[in-house]
Amino acid sequence: MPKSVATRTSAARIVASSSFAGNGMKAERTRELTHCRKTLVTQREEILEHAHRTSERELDIDRDDFSDELDTASSESILAFAGQIREREQRLLHKIDHSLKKIEMGTYGECAECGEEIGFARLKARPVANLCIDCKVDQERLED
Ligand SMILES: [Zn+2]
């Protein structure tokens, strides 16, 4: 192979791989990931703080249980409500941790069902989403 051809080929390859569009898209994706990561970290902190506050309130309820001011039924329903919040928050917390791990591994934003990229608009609204909108709609149809 003549030397000049080989040089032209590798030069063309370098131009193609470092094209403007490619870099632009990558920078855009990095910005999106940074945004999602920030949202996830904030949500995580809020949940932990809220869970902490909830458990503090529960301790107060326990102490007041024997007083006449708070009847048993209502304190039970408050505790049940707090338990529900905790369960929902724990599930969300688990999803947040999972999403943060995926950001680290570079697999964040891929649909768990079809492997397609989940749109940023959806991730922005719901950073813990692990299904693209199409698969989510399909799943909800099955659940109905
Ligand atoms: Zn999908």
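Let me start with Ile-118. Ile-118 counts as buried, because 22 other C-beta atoms lie within 10 Å of its own. The cut-offs are these: buried means 20 or more such atoms, exposed means 12 or fewer, and partly exposed is in between, with C-beta atoms placed from the backbone.

Before going on, this is a predicted model, in which local features need pLDDT of at least 70, side-chain atom pairs count only at pLDDT 80 or more, and totals for chains, interfaces and linings use all residues. Residues are numbered from 1 along each chain as its sequence is written.

Back to Ile-118, which sits in the loop between helix H3 (72-105) and helix H4 (120-125). A helix here is a DSSP run of H or I of at least four residues, a strand is a run of E of at least two, and both are numbered from the N terminus. Which residues does Ile-118 touch, not counting residues up to four places away in sequence? They are Gly-109, Cys-111, Leu-123, Ala-129 and Cys-132. Contact means that the two C-beta atoms, placed from the backbone, lie within 7 Å. Cys-132 is 14 residues from Ile-118 in sequence, and the C-alpha to C-alpha distance is 4.7 Å.

Ile-118 also belongs to the largest nonpolar core, with Cys-36, Leu-40, Ile-96, Tyr-108, Leu-123, Ala-129 and Cys-132, eight residues in all. Such a core is a set of buried Ala, Val, Leu, Ile, Met, Phe, Trp, Tyr and Cys residues joined through C-beta atoms within 7 Å. Core member Cys-36 is in contact with Tyr-108, Leu-123 and Pro-127, leaving aside neighbours within four places in sequence.

Now to Ala-51, in helix H2 (residues 20-64). Is Ala-51 buried or partly exposed? Ala-51 is partly exposed, because 16 other C-beta atoms lie within 10 Å. Beyond residues up to four places away, Ala-51 touches Arg-86 and Glu-89. Ala-82 is 31 residues from Ala-51 in sequence and 9.0 Å away in space, C-alpha to C-alpha.

For the chain as a whole, there are five helices and zero strands. Of its 144 residues, 8% count as buried. Among contacts between residues at least 6 apart in sequence, 53% join residues at least 24 apart.

Last, confidence. The chain averages a pLDDT of 79, on the predictor's per-residue scale from 0 to 100, and 71% of the residues score at least 70. Helix H1 (residues 3-17) has the lowest mean among the elements, 47, and H4 the highest, 94. Over residues 10-20 the pLDDT is below 50, and this stretch has one contact in the model beyond near neighbours in sequence.
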